[in-house]
Amino acid sequence: MLFLSFDTDRSGKMSSYELRTALSAAGMQLNNKILQLIGLRFADDNYDIDFDDYLTCIVRLENMFRVFQAMDKSNTGRVKMNIMQFLMLSMNV
C-alpha cells in the first residue's frame, strides 16, 4: 500500500523524490548519501524504482534496522561488532 500511496503519478515506478517520502513515512530517516546509494543500487537508468525493486529495498532496510536495533541494547545509536557480524548485517544474512 505504501508504494501505491507514494507513486503519485501512478507510473508504476517511484522517482527518487517519491522514494524519499515513502521511506520517511515508513519511519526510515535516511541521509542523502544513503538515499543516493539506494538509488544507484535499485533505480533504473531514469532513476526510477519499480515495485519489485522497491519491495526488495524496503525488506532489506527493515531487516537492517531490526538487526541494528537488536544489537544496540543501550539504545545509543551505536553498536560494536566484529567483521563477521558486519558482513552478515551488510549482506542481509
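**Salt bridge, core and loop residues in a predicted model**

Asp 44 has a relative accessibility of 27% and therefore counts as partly exposed. The structure is a predicted model, and one salt bridge is found in it. That salt bridge joins Asp 44 to Lys 13, with 3.0 Å between the closest N and O atoms. Distant parts of the chain are linked by this pair, as the two residues are 31 positions apart: Asp 44 belongs to the loop between H3 and strand S2 (49-50), and Lys 13 to strand S1. Lys 13 has a relative accessible area of 32%, so this residue is also partly exposed.

Lys 13 is in addition one of the residues touched by Asp 7. Asp 7 is located in the loop that runs between helix H1 (2-6) and strand S1 (13-14). When residues up to four places away in sequence are left out, the contacts of Asp 7 are Gly 12, Lys 13 and Glu 18. Asp 7 is buried but takes part in no salt bridge. The nearest side chain of opposite charge is that of Arg 10, at a distance of 5.3 Å. A salt bridge requires a separation within 4 Å. A polar atom of the Asp 7 side chain does lie 3.2 Å from the backbone nitrogen of Ser 11.

Asp 7 and Lys 13 fall in a span that carries an annotation. In an unreviewed entry, UniProt lists residues 1-29 under "domain: EF-hand". In the model, helix makes up 52% of this span and strand 7%. The C-alpha atoms at the two ends of residues 1-29 are 19 Å apart.

The largest nonpolar core has 16 residues. Those touching the most other members are Leu 19, Leu 23, Leu 30, Ile 38, Tyr 54 and Leu 61. Two or more residues are contributed by each of helix H2 (16-25), helix H3 (32-42) and helix H4 (51-71). Helix H4 gives the largest share, which amounts to four residues. For Leu 61, the contacts are Leu 23, Met 28, Leu 30 and Ile 38, again leaving aside residues up to four places away in sequence. Of these contacts, Leu 23, Leu 30 and Ile 38 are themselves listed among the core residues that touch the most other members.

Glu 62 is likewise a residue of helix H4. With 38% relative accessibility, Glu 62 is classed as partly exposed, because the partly exposed class lies between 20% and 50%. The C-alpha atoms of Glu 62 and Ala 26 are 9.4 Å apart in space, although 36 residues separate the two in sequence.

Backbone geometry was also examined in the loops. Tyr 47 is not a glycine, yet its phi is positive, at about 65°. Tyr 47 is situated in the loop between H3 and S2, the loop that also holds Asp 44. The relative accessibility of Tyr 47 is 55%, so this residue counts as exposed. A positive phi, near 55°, is likewise found at Asn 75, which is also a residue other than glycine. Asn 75 is part of the loop between H4 and helix H5 (83-90). Asn 75 is exposed as well, because its relative accessibility is 68% and the exposed class covers values over 50%.

Definitions and conventions
Residues are numbered from 1 along each chain as its sequence is written. This is a predicted model: local features need pLDDT of at least 70, side-chain atom pairs count only at pLDDT 80 or more; totals for chains, interfaces and linings use all residues. Side-chain values use heavy atoms; hydrogens and water are left out. A nonpolar core is a set of buried Ala, Val, Leu, Ile, Met, Phe, Trp, Tyr and Cys residues joined through side-chain atoms within 4.5 Å. Buried means under 20% relative accessible area, exposed over 50%, partly exposed in between (1.4 Å probe, protein chains only). Contact means heavy atoms within 4.5 Å. UniProt positions are given in the numbering used here, feature names are shortened, and annotations may be inferred rather than shown by experiment. Lys and Arg count as positive and Asp and Glu as negative; His and the chain ends are not counted. A polar contact is a pair of N or O atoms within 3.5 Å; within protein, one must be able to donate a hydrogen and the other to accept it, and residues adjacent in sequence count only if both atoms are side-chain atoms.
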